[in-house]
Amino acid sequence: MITCPICEAHKIGKDIIAQTEHWILRKAPEDKNLNGYCYLESKKHVENWQLLSLEECQDFGNILHKGLEASLVLPSSPDKVYFAAIAEAVPHLHMHLVPRYQNHSKGIGHLEQALGPGFLKAL
């Protein structure tokens, strides 16, 4: 059985910013070196959006709102917050909330820099 790093992180409870009934908003590791970068993660181990219930989808809006609120109280508010949800490298449904500040490149290049060089290969 393969151990899921997201499920393991939930057991530890480290870096949790907020949570709802079905979702966790968790701070990305420091090695990402991007203030405000966080993950929205399903509390249950599920790999596809299609497997979510209506209630889980509706609750996603609540945790997304909490994530956007959290970005507004950062020392320097981002110009934009990018979303990326692929779940190929780690097959547990999650979304990256990637802030973009004024001094950052725009678009897909910024996502690749934040998520890592393998990001575009999944596309």
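Which residue takes a positive phi just after α1? In this predicted model, that residue is Gly13, with a phi of about 80°.

**View 1. Helix α1 and its buried side.** Helix α1 spans residues 5-12, and its buried residues are Ile6, Ala9 and His10. These three cover an arc of only 100° around the axis, so they end up on the same side of α1. That fits a simple rule: an α-helix has 3.6 residues a turn, so residues three or four places apart point the same way. Have a look at what sits over them, too: the cover for the buried residues of α1 includes β2 (23-27), β3 (38-42) and β5.

**View 2. The other face of α1.** Swing round to the face turned away from the buried side and you'll find Lys11 and Ile12, both exposed.

**View 3. The five-stranded sheet.** The strands line up as β1-β2-β3-β5-β4 in an open sheet, with antiparallel pairing. At the edges stand β1 (16-19) and β4 (80-84); each has a single partner strand, so one side of each is left without a neighbour in the sheet. On average, neighbouring strands are turned by 20° against each other, direction ignored.

**View 4. Where β4 meets β5, with α3 packed on the sheet.** Strands β4 and β5 (residues 94-100) run antiparallel and are joined by five bridges. One pairing to pick out is Tyr82, whose bridge partner in β5 is Val98. Helix α3 (residues 108-115) packs on the sheet here, touching β4 and β5. The direction of α3 makes about 115° with that of β5.

Terms used
Residues numbered from 1 in each chain as written. Predicted model: local features only at pLDDT ≥ 70, side-chain atom pairs only at ≥ 80, totals over all residues. Heavy atoms only, no water. Pairing = 2+ DSSP bridges. Helix = DSSP H or I, 4+ residues; strand = E, 2+ residues; numbered from the N terminus. Axes fitted to C-alpha atoms, helices over the stretch in contact; angles between N-to-C directions. Contact = heavy atoms within 4.5 Å. Buried < 20%, exposed > 50% of the residue type's maximum accessible area, 1.4 Å probe, protein only. Arc of directions from axis to C-beta.
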